[in-house]
Amino acid sequence: MSSFSVTEPSQRSKWFAGTLVILYALITMVPLAWIMLTGFKTPPDSISYPPKVFFEPSLEGYVNLFTTRTRIGQEALDALPPPDTWYEEIVRERDMVIAGPSKFGERFLNSVIIGFGSTFLSIVLGTLAAYAFSRFKIPLADDLLFFILSTRMMPPIAVAIPIFLMYRQLGLSDTHLGMILLYTAVNISLAVWLLKGFIDEIPREYEEAALIDGYTRFQAFYKVVLPQAATGIASTAIFCLIFAWNEYAFAVLLTSGTAQTAPPFIPTIIGVGGLDWPAVAAGATIFLLPVMIFTVALRKHLLRGITFGAVRK
Amino acid sequence: MTETPLSRAAQATPPGVARKIRGLSDRAIAWIFVGPTIFLLLAINIFPLIWTIRLSFTDFKANRAGREIKNVGLRNYERILTDSDIWLNMQATAHFLFWTIFFQVLIGFALAYLINKKFRGNDLWTTIIVLPMMLSPAVVGNFWKFLYQPQIGLFNYIVAFFTGKDPSSFEMLGSVDLAPWSIVIVDTWMWTPFVMLICLAGLRSIPDYIYEAAEIDRASKLRQFFTITIPMVLPFLMLAVLFRGIENFKMFDLVVQLTGGGPGSTTELTSINLKREAFEKWRTGYASAYAIILFVTVFGLASIYVKALNKVKER
């Protein structure tokens, strides 16, 4: 790089820009940091005035998140044998005993199953469709592509009415399969668009060489094209996974028990006597942290993906 | 599709022969590959849409499945378009749309402009700024409710700290004046990074030589900003506005968690109102007509906007 360039910003303007951006980043992090801090507070600490930044950390929120508890009288409490686990001890201090596990574990598992299931399906179907759109003459290809994209303009609630009725008829309400199919249908438009972009970038000559060497179309597809598109497929998969992971509107309308995911469940965590904010924060932390780590770790591919998908049209 | 010797040969070969030589013909493979996607979209998007259109002309109620369904013609549409409450919801949505887009464009562009100064560590800080938009709006919105609590909430405390007001003297979510702004604040916090990323892509697409030429012509930095930077980022910015516009017109999860539409119906955006009609009052036919009206509105507005966008791009 030359030491003198008209387009290279001056050292002073870099400092100025850097300071402002870092300041914004720090402010934007406050709510997220607060979620994580609150998870380690005791319920009284979480609602103290002024808000406590320094406090004695406690795992009560996490214990409350994973258990259901019942309050018992002093005599009954005294009659019990001493607590044999650390979490039992935390609960006893509030004059309560553990009644059983909460539903959080199940709901979290549902999020994992539905998230990964629908991502897998969207990627398989999306890659096939994107390859066909990229390489073959398909009648009305542009209209079909636009149709695929326009399905994203429907408000989820508007789609939810007939899907609710349809799922009720087919017995798909509140099932993992129903949610996986639904999220796949929502994700596939984005997947096809993103993946078509990635596959368009792979030179056709590779496949044509393979075809001349006697590969069938299908062999050329999975032995030549798929390995080349691996990065694109991976970053598309992350987008699909994040969407399915975060989705709320369909989940709250179409699931209530067996297949309920974490987003509709977390806001309903209620402690004894009002909302248990440390438990809510603990649940939110466990739920949000994987996405945050993912985002930071894979930032190169992700940031490119967001703008790529939006700008390419 | 570009003409290559191979594709010409493939077209010249009768399909039957092609199948014998290399398994399935390209045409068959194309349909096998696209088929499942189209089928899924037809089953889960188009079929429901057609069903919604049909229901919108009836008085069907989903919680009373056995009841006889009556055809009511256009009465649902008529009632919606003349209902003054729905116009209030439309206004709330318009307020939300306008101000979220206004702030997100302003802050998003400013941030992108600053990040494009390429200071050290800019990609890590960009990632940190992007974090809110990757998270679940429902879970985050629910927690913002806690930040907005009068007295104990962090947001009220910080505002009070800087303005000297009593933190329990104002309710961000409970007061008619403030609630529409509190949802704007959270949405702006969450989605400004999206506008920022698209602007950043726009800024990075401007080739250096244009600025170099302007420098040789002795154009001032301010002049360069208004005659090069702004016009060249504009198509990107307009695209970001389109995406945010469509998304926020559909807004449900964040706001339903924050305010549930209240107080009264001051933050009852159309999607929340629609959910109430469809899944609480169970007026399925009526809600279907409502859904169709919303869909046509988004689709119409988006199409007009895309036309304008293409004009800007052609310049």
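# A walk through a predicted two-chain model

Gln257(B) is placed in helix 12 of chain B, which covers residues 253-258. The structure is a predicted model, and this residue offers a way into it. Gln257(B) counts as buried because 25 C-beta neighbours lie inside 10 Å, where the cut-off for a buried residue is 20 or more. Once its neighbours within four places in sequence are set aside, Gln257(B) is in contact with Ala138(B), Gly141(B), Asn142(B) and Lys145(B), and also with Pro267(A). Gln257(B) and Thr163(B), by contrast, are 94 residues apart in sequence, and their C-alpha atoms are 28 Å apart in space.

The contact with Pro267(A) leads on to the meeting of the two chains. Here 81 residues of chain B are in contact with 82 residues of chain A. On the side of chain B that touches chain A, the largest share, 14 residues, is supplied by helix 3 of chain B, residues 26-55. Sorted by class, that side of chain B consists of 56 nonpolar, 14 polar and eleven charged residues.

Helix 3 of chain B therefore deserves a closer look, since the largest share of that side comes from this helix. Its 30 residues should span 44 Å at 1.5 Å a residue, and because the C-alpha atoms at its ends are 41 Å apart, the two values agree. The helix nevertheless bends, by about 40° at Leu42(B). Its buried residues include Ile29(B), Ala30(B), Phe33(B) and Val34(B), and further along Leu41(B), Ile44(B), Asn45(B) and Pro48(B). Among the elements that cover these buried residues are helix 6 (104-135), helix 7 (141-150), helix 8 (156-170), helix 9 (176-200) and helix 11 (217-228) of chain A, together with helix 14 (284-314) of chain B.

One of those covering elements, helix 8 of chain A, can be followed in its turn. It has 15 residues and reaches 20 Å from its first C-alpha to its last, which is close to the 21 Å expected at 1.5 Å a residue. Helix 8 of chain A also has a kink, of about 30° and centred on Pro162(A). Among its buried residues are Pro156(A), Ile157(A), Ala158(A), Val159(A) and Ala160(A), as well as Pro162(A) itself and Tyr167(A). The buried residues of this helix pack against helix 9 and helix 13 (249-254) of chain A, and from chain B against helix 3, helix 13 (270-279) and helix 14. After helix 8 of chain A comes Gly171(A), with a positive phi near 75°.

Helix 7 of chain A, another of the elements covering helix 3 of chain B, holds Leu145(A). This residue is partly exposed, because 19 other C-beta atoms lie within 10 Å, and a residue needs 20 or more to be buried. Leu145(A) and Ala249(A) are 104 residues apart in sequence, with 25 Å between their C-alpha atoms.

Within chain B, the domain assignment gives domain 1 (5-55) and domain 2 (82-314), and the C-alpha centres of these two domains lie 39 Å apart. Phe96(B) is found in helix 5 of chain B, residues 84-115, and it is buried, because 22 other C-beta atoms lie within 10 Å. Apart from residues up to four places away in sequence, Phe96(B) touches Pro180(B), Ile183(B), Val184(B), Asn248(B), Met251(B) and Leu269(B). Between the C-alpha atoms of Phe96(B) and Phe226(B), which are 130 residues apart along the chain, the separation is 29 Å.

Chain A also contains a pair of strands. Strand 1 (residues 67-71) and strand 2 of chain A run antiparallel and are joined by five bridges, with Thr68(A) standing opposite Gly100(A) of strand 2. Strand 2, residues 96-101, is hardly covered, since the count of buried residues among its six residues is zero.

A few backbone details remain. Most residues other than glycine have a negative phi, and most peptide bonds are trans. Asp95(A), in the loop between helix 5 (86-92) and strand 2 of chain A, has a positive phi of about 60° although it is not a glycine, and with 14 C-beta neighbours inside 10 Å it counts as partly exposed. Lys118(B), in the loop between helix 5 and helix 6 (122-134) of chain B, likewise has a positive phi, near 55°, and counts as partly exposed with 13 C-beta neighbours inside 10 Å. Finally, Tyr49(A) and Pro50(A) are joined by a cis peptide bond with omega of about -5°, and Pro50(A) sits in the loop between helix 2 (43-46) and helix 3 (60-66) of chain A.

Terms used: Residues numbered from 1 in each chain as written. Chains lettered and ligands numbered in written order. Predicted model: local features only at pLDDT ≥ 70, side-chain atom pairs only at ≥ 80, totals over all residues. Buried ≥ 20, exposed ≤ 12 C-beta atoms within 10 Å, placed from the backbone. Helix = DSSP H or I, 4+ residues; strand = E, 2+ residues; numbered from the N terminus. Pairing = 2+ DSSP bridges. Contact = placed C-beta atoms within 7 Å. Nonpolar A, V, L, I, M, F, W, Y, C, P; charged D, E, K, R; others polar. Domains from an automatic or database assignment. Expected span 1.5 Å × (residues − 1). Bend = angle between axes of the 7 residues up to and from the residue.
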